[in-house]
Amino acid sequence: AKIVGQFRIGGMTCAACVTSIETVLRRLPGVSRASVALTTEMGELEFDPRLIDQQAIISTIDDAGFDAELVD
Ligand code: 9UX
């Protein structure tokens, strides 16, 4: 089953930041939907927890040069 996770994403300053984060997230196995918003500094992802977990998603965002944390 797929689940939806909300992530707070710091360090975004322009629309290109949003696009680059969405692009790397959509390439991840198990991620079926990724939507990032600059103004709210939030990302919403739909993913299959059998294929990827929250920590791997956070690491991917961090590795792209931003600062992510899970919102629960
Ligand atoms: Mo442009 Mo957004 O270099 O970090 S992609 S400000």
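Q: Along β3 the side chains alternate; which of them point to one face and are buried?
A: This is a predicted model: local features need pLDDT of at least 70, side-chain atom pairs count only at pLDDT 80 or more, and totals for chains, interfaces and linings use all residues. Residues are numbered from 1 along each chain as its sequence is written. A residue is buried if 20 or more other C-beta atoms, placed from the backbone, lie within 10 Å of its own, exposed if 12 or fewer, and partly exposed in between. Met42, Glu44 and Glu46 point to the other face of β3 and are not buried, which leaves the buried set of Gly43, Leu45 and Phe47.

Q: Why does Gly43 count as buried?
A: Gly43 lies in strand β3. It counts as buried because of its C-beta neighbours inside 10 Å, and their number is 24.

Q: Leaving aside neighbours within four places in sequence, which residues is Gly43 in contact with?
A: Two residues are in contact if their C-beta atoms, placed from the backbone, lie within 7 Å. With neighbours within four places left aside, the partners of Gly43 are Phe7, Ile9, Ile21, Ala34, Ser35 and Val36.

Q: How far apart in space are Gly43 and Glu22?
A: Along the sequence, 21 residues separate Gly43 and Glu22. In space, C-alpha to C-alpha, the distance is 8.7 Å.

Q: What is the order of the elements in the protein chain?
A: Helices (H or I, at least four residues) and strands (E, at least two) are DSSP runs, numbered from the N terminus. The chain has two helices and four strands. Read from the N terminus, the order is β-α-β-β-α-β.

Q: How many bridges pair β1 with strand β4?
A: Two strands pair if DSSP finds at least two bridges between them. β1 pairs with β3 in the antiparallel sense over six bridges. β1 also pairs in the antiparallel sense with β4 (residues 67–71), and there the bridges number five.

Q: Which residue in β3 is the bridge partner of Ile3?
A: Gln6 has its bridge partner in β3 too, at Glu44. In β4, Arg8 has Glu69 as partner. For Ile3, the partner in β3 is Phe47.

Q: Which residue stands opposite Gly43 in β3?
A: β2 and β3 pair in the antiparallel sense over six bridges. Opposite Gly43 stands Val36.

Q: What is the phi of Glu41 near, in degrees?
A: Glu41 sits in the loop between β2 and β3, and their hairpin has four residues between the strands. Most residues other than glycine have a negative phi. Glu41 takes a positive value, near 55 degrees.

Q: Is Glu41 buried or partly exposed?
A: Other C-beta atoms within 10 Å of Glu41 number 16. The class of Glu41 is therefore partly exposed.

Q: Leaving aside neighbours within four places in sequence, which residues is Ser35 in contact with?
A: Ser35 is found in strand β2. It is partly exposed, with 13 other C-beta atoms within 10 Å. The C-alpha atoms of Ser35 and Glu46, eleven residues apart along the chain, are separated by 9.1 Å. Beyond four places in sequence, the contacts of Ser35 are Gly43 and Glu44.

Q: Which element gives the largest share of the largest nonpolar core?
A: A nonpolar core is a set of buried Ala, Val, Leu, Ile, Met, Phe, Trp, Tyr and Cys residues joined through C-beta atoms within 7 Å. The largest one has 14 residues, and Phe7, Ile9, Ile21, Leu45, Ile61 and Phe66 have the most contacts inside it. Two or more residues each come from β1 (3–10), α1 (15–26), β2 (31–37), β3 (42–47) and α2 (54–63). The largest share, three residues, comes from β2.

Q: Not counting residues up to four places away in sequence, which residues does Ile21 touch?
A: Ile21 is among the residues with the most contacts inside the largest nonpolar core. Farther than four places along the chain, Ile21 touches Ile9, Val36, Gly43, Ile61, Ala64 and Phe66.

Q: Which residues surround the ligand?
A: A residue is near a molecule if its C-beta atom, placed from the backbone, lies within 6 Å of it. By class, the shell has three nonpolar, one polar and no charged residues. Its members are Thr13, Cys14, Ala16 and Cys17.

Q: What percentage of the 72 residues in the protein chain is buried?
A: The C-alpha trace spans about 35 × 25 × 15 Å along its principal axes. Of the contacts with a separation of 6 or more, 60% join residues 24 or more positions apart. The buried share of the 72 residues is 21%.

Key:
Nonpolar A, V, L, I, M, F, W, Y, C, P; charged D, E, K, R; others polar.
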